[in-house]
Amino acid sequence: MHSRVRHFSSHVRVAQQQVSQAFKEPVHSPSPPRSVINADSNLHFYRNKVLDEYVRLQTTPITLRQLLFYERQLNTERLLKSANYVRRELPIRISHRIREFQKLPFIVGTNPHIQTVYDIYWQAFERLRKVPPIQTLQDNDAFCKSLIESLQSHMVAIPRLALGISECDQHIEPDRIDRFMHATLRSRVSRRVLAEQHLALSQQLRPHDSSVSHDTVFSSCSARDTVSQCVELARAHGAGNKIPDVIVDGHDVSFTYIFDHIEYVIYQLLSNAFRHTIATHPHNPPPIKVTICSNDQDVLFRVSDQGGGMPQEIYSKIWSYGQRPHARFGNFRNVSQLAARITEHDQVTVPLGIGLPMSRVYVEYWGGQLQVVTMEGWGTDAYVRIPRFGTQIENLEVEGQEDEGWPASNRRFVV
């Protein structure tokens with residue numbers, strides 16, 4: 001099998017003028033006591049005033065190509081610029097999410113699971129906004145420890161959010177649930193990419209410093225090898241006496257991407273195809289077909305099955321978090337932490353009902369597209385489009401989504 005080359009990602013070349021001008025240092029207010037922050041705190045109004053300062057600041061979205069440029073030109077000066085970009089950017093993105101939590105109906109915001117995630121966001125906001133300008137490698141080491149602490153604390157966010165939403169669905173409109181969850185998950189992906197990429201950069205420059213070690217972020221991916229790995233994993237997790245064959249056709253293509261993201265998406269589509277094909281044809285399942293192709297701008301995948309398709313009442317809600325009759329958010333009671341990565345499938349053995357919506361978040365983050373077409377009584381085709389050249393900025397828009405796209409008149413950044 002063609003080996004995939006892991007790249008250390010770097011932080012963006014935040015178009016030089018953006019780095020120097022886009023951010024003015026927010027005022028660093030006196031530090032409140034280090035404690036869990038909740039909506040009943042006497043200091044909550046004070047903290048909202050601080051939050052307002054950050055909510056008014058605009059984010060600086062980046063491109064995959066910018067991240068890779070920094071990695072290939074890495075030195076101490078660029079590492080420190082990366083650190084200060086992440087130091088300024090993360091509190092702004094978190095502040096927007098906190099504000100969206102505050103807009104939830106009161107009864108939803110008091111749910112203990114929702115409150116836990118809200119408190120975690122506040123703690124991360126307070127921790128990161130107080131980091132002073134990073135001027136030395138030692139400063140960066142301390143900052144990396146703060147990033148790792150934030151990444152670890154946020155591992156409970158997806159299970160807690162899912163449980164909270166499942167317990168409050170009668171108190172909030174389904175469409176609003178979908179917008180809130182989509183926005184929160186996309187923002188989470190964007191923050192983790194920035195943090196993990198900077199940790200990887202730091203490890204690249206100081207490979208012997210175990211205190212900041214972290215896995216690499218970007219990979220040079222072979223489309224065919226990616227599919228082959230996902231097929232083997234889906235086959236290993238398949239249930240039934242007969243496992244469908246998988247026919248892979250088309251031509252191979254290499255592209256640089258976040259391997260965890262594309263692997264998660266292809267695995268989810270194959271896993272769904274295996275499950276429905278086996279359920280519909282338990283004794284002699286027809287093969288699943290995967291087609292790979294590319295054009296000048298994109299890499300494209302199609303996963304085609306004969307698993308019986310979906311009835312309209314299910315198909316119309318496959319992207320929904322709050323309206324899917326087959327969603328199993330209650331199973332999150334058995335999952336304490338989740339990063340939404342393929343490596344977790346050995347530990348997470350129960351269906352969670354979030355695979356397709358999460359796949360769409362991953363694909364759209366860098367400007368790609370995921371579409372599903374079904375023929376009830378026959379089968380389903382899923383299409384994935386991934387931009388090849390990394391020139392798309394982070395897709396942080398989440399409001400006003402419609403089936404055929406996100407009209408510019410309805411777009412707004414919620415990060």
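**Entry 1. Lining of the largest cavity**

I looked up which element gives the largest share of the lining of the largest cavity, and found that α9 does so with four residues. I record here that the model is a predicted one. I then listed the lining in full: L90, I94, A124, L128, L147, S150, L151, H154, R188, R191, R192 and A195. Elements contributing two or more residues to it are α4 (76–102), α6 (112–129), α7 (137–153) and α9 (174–205). By residue class, I noted seven nonpolar, two polar and three charged residues in this lining. The volume of the largest cavity came to about 130 Å³. Searching the whole structure, I found two cavities of 30 Å³ or more.

**Entry 2. A residue of α9**

I next selected L201, which lies in helix α9. Is L201 buried or exposed? Its relative accessible area is 0%, so L201 is buried. I also looked up L74, which stands 127 residues from L201 along the chain; the C-alpha atoms of the two are separated by 7.9 Å.

**Entry 3. Helix α13**

I examined helix α13, residues 355–365, for burial. Eleven of its eleven residues are buried, and the helix is therefore largely enclosed by the rest of the structure. The buried residues run from G355, L356, P357 and M358 through S359, R360, V361 and Y362 to V363, E364 and Y365. Which elements do the buried residues of α13 pack against? I found α9, β4 (254–258), α11 (259–280), β7 (369–375) and β8 (379–387). Just after α13, I noted that G367 has a positive phi of about 85°.

**Entry 4. E394**

I turned to E394, placed in the segment after β8. With a relative accessible area of 2%, E394 is buried, since the cut-off for burial is under 20%. Leaving aside residues up to four places away in sequence, I found that E394 touches T60, P61, I62, R93, S190, L194, Y365 and W366. One of these contacts, Y365, is among the buried residues of α13. I also checked E394 against T63: the two are 331 residues apart in sequence, yet 6.1 Å apart in space, C-alpha to C-alpha.

**Entry 5. The largest nonpolar core**

I looked up the largest nonpolar core, which has 91 residues. Within it, F101, F255, L270, F301 and I386 touch the most other members. The largest share of this core, ten residues, comes from α11. For L270, I listed the contacts beyond four places in sequence: V227, C230, V231, A234, I288, V290 and V303. As a general matter, nonpolar side chains tend to be buried together in soluble globular proteins.

**Entry 6. Cysteines**

How many disulfides does the count give? I obtained zero. I also looked up the burial of two cysteines. C144 counts as buried because its relative accessibility is 0%. C168 counts as buried as well, at 3% relative accessibility.

**Entry 7. The chain as a whole**

I closed with totals for the chain. The secondary structure comes to 13 helices and eight strands. Of the 415 residues in the chain, 54% are buried. Among contacts with a separation of 6 or more, I noted that 79% join residues 24 or more positions apart.

Note on methods
Residues are numbered from 1 along each chain as its sequence is written. This is a predicted model: local features need pLDDT of at least 70, side-chain atom pairs count only at pLDDT 80 or more; totals for chains, interfaces and linings use all residues. Side-chain values use heavy atoms; hydrogens and water are left out. On a 1 Å grid over the protein atoms alone, a cavity is a set of points where a 1.4 Å probe fits but cannot get out, and a pocket is an open set with protein on both sides within 12 Å along at least five of seven lines; lining residues have an atom within 4 Å of a point. Grid points are joined across faces, edges and corners, and a volume is the space filled by probe spheres set on the points. Ala, Val, Leu, Ile, Met, Phe, Trp, Tyr, Cys and Pro count as nonpolar, Asp, Glu, Lys and Arg as charged, and the others, Gly among them, as polar. Buried means under 20% relative accessible area, exposed over 50%, partly exposed in between (1.4 Å probe, protein chains only). Contact means heavy atoms within 4.5 Å. A disulfide is a pair of cysteine sulfur atoms within 2.5 Å. A nonpolar core is a set of buried Ala, Val, Leu, Ile, Met, Phe, Trp, Tyr and Cys residues joined through side-chain atoms within 4.5 Å.
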